[in-house]
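Please examine the structure below and follow how its helices and sheets are arranged with respect to one another. The explanation begins with a pair of helices and then turns to the sheets on which they lie.

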Amino acid sequence: MGYRLSRGEIYDMSFKQDVFDDPRKNPLSEMEFADPSSVDGIALNESSRGVLMEHGYPVKTETAPKKFLWGGGKRKLPEILGFQQILIINDRFKNFVEQFDPGIHQFIPVDVYKAKAGEPVAKYYWFNVLARVDTVDAQLTTCKLMPSYGGTAFWTDQDENFQRFPGAKIVFDDGKAAGHHVWVEPTLLVGRPYHCSTAFGETAIAANFTGLVITPRSSLHMCRAE
């Protein structure tokens, strides 16, 4: 079956979460790839690349934001935070990932603050997944594969006039991910990073990481999957 990993609120309200003390307008989009020559055209294209760490390529760690604000006040900090689709994780989850995928992914340190004027309350990590695996079943998927210049094509549930196909869905073949536990789906536009094996997902559920949302991915009924 396999699962998707994302961040969710553990309290009955949401709190301000943002990078700060960074002169760049869009820090996660203005980072640098470690080896641009190995990156496909979509990720390199300024207008479509979005957040660098969602594409499954190594980044220069020194270009990542260094400070992250979680405005939950005196409330206990969740183990999983997030910003622009990228998970920010604590040591326990980092060690958990390393048990399944040792030495594969990037964990870039970031200081977490509860107030911009205060001291950091914890050291967390930007979780950059470095396995790109296309597990979409092209025969059973009823979305349309849209060709893209200079890079990987992507699945869409809309035609050229932005009308959605009735019943459009993506179907995954988890057998294509054999040997991987956490990976990026390069042909999805939304929900690209943080797909995981059944073993990883079910063990993570049992471990009860606060702030981590684990959902089955057996069949996504919208190509732009939430």
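In this predicted model, the axes of helix 2 (residues 91-100) and helix 3 (residues 198-207) come within 11 Å and cross at roughly 150°. An angle over 145 degrees counts as roughly antiparallel, and helix 2 and helix 3 are therefore roughly antiparallel to each other. The crossing in which helix 2 passes helix 3 is right-handed.

Which residues bring the two helices together? Helix 2 contributes Arg 92, Phe 93, Phe 96, Val 97 and Phe 100, and these meet Ala 199, Phe 200, Thr 203, Ala 204 and Ala 207 of helix 3. Sorted by class, this contact between helix 2 and helix 3 comprises 8 nonpolar residues, 1 polar residue and 1 charged residue.

Each helix may now be followed to the strands that it touches. Helix 2 lies across strand 4, strand 5 (86-89), strand 6 and strand 7, and its direction is at about 35° to that of strand 7. These strands belong to an open sheet of 6 strands, arranged in the order 2-3-6-7-5-4 with mixed pairing. At the edges of this sheet are strand 2 (17-19) and strand 4 (80-83), each of which pairs on one side only. From one strand to the next, the twist averages 35°.

Within this sheet, strand 6 (residues 106-113) and strand 7 (residues 122-128) offer an example of pairing: they run in the antiparallel sense and are joined over 7 bridges. One residue pair may be located there, since the reader can find Val 110 with its bridge partner Tyr 124 in strand 7.

The other helix leads to another sheet. An open sheet of 4 strands follows the order 11-12-1-13, and its pairing is antiparallel. Why does one side of strand 11 and of strand 13 have no neighbour in the sheet? Strand 11 (182-183) and strand 13 (212-216) stand at the edges and have a single partner strand each, so one side of each remains without a neighbour in the sheet.

Strand 11 pairs with strand 12 (residues 195-196) in the antiparallel sense over 2 bridges. The bridge partner of Trp 183 is His 195, which lies in strand 12. Helix 3 packs on this sheet, where it touches strand 1 (3-7), strand 11, strand 12 and strand 13. The direction of helix 3 makes about 45° with that of strand 1.

Conventions
Residues numbered from 1 in each chain as written. Predicted model: local features only at pLDDT ≥ 70, side-chain atom pairs only at ≥ 80, totals over all residues. Heavy atoms only, no water. Pairing = 2+ DSSP bridges. Axes fitted to C-alpha atoms, helices over the stretch in contact; angles between N-to-C directions. Contact = heavy atoms within 4.5 Å. Parallel < 35°, antiparallel > 145°, perpendicular 65-115°, else oblique. Left-handed = near helix turned anticlockwise from the far one by under 90°. Nonpolar A, V, L, I, M, F, W, Y, C, P; charged D, E, K, R; others polar.
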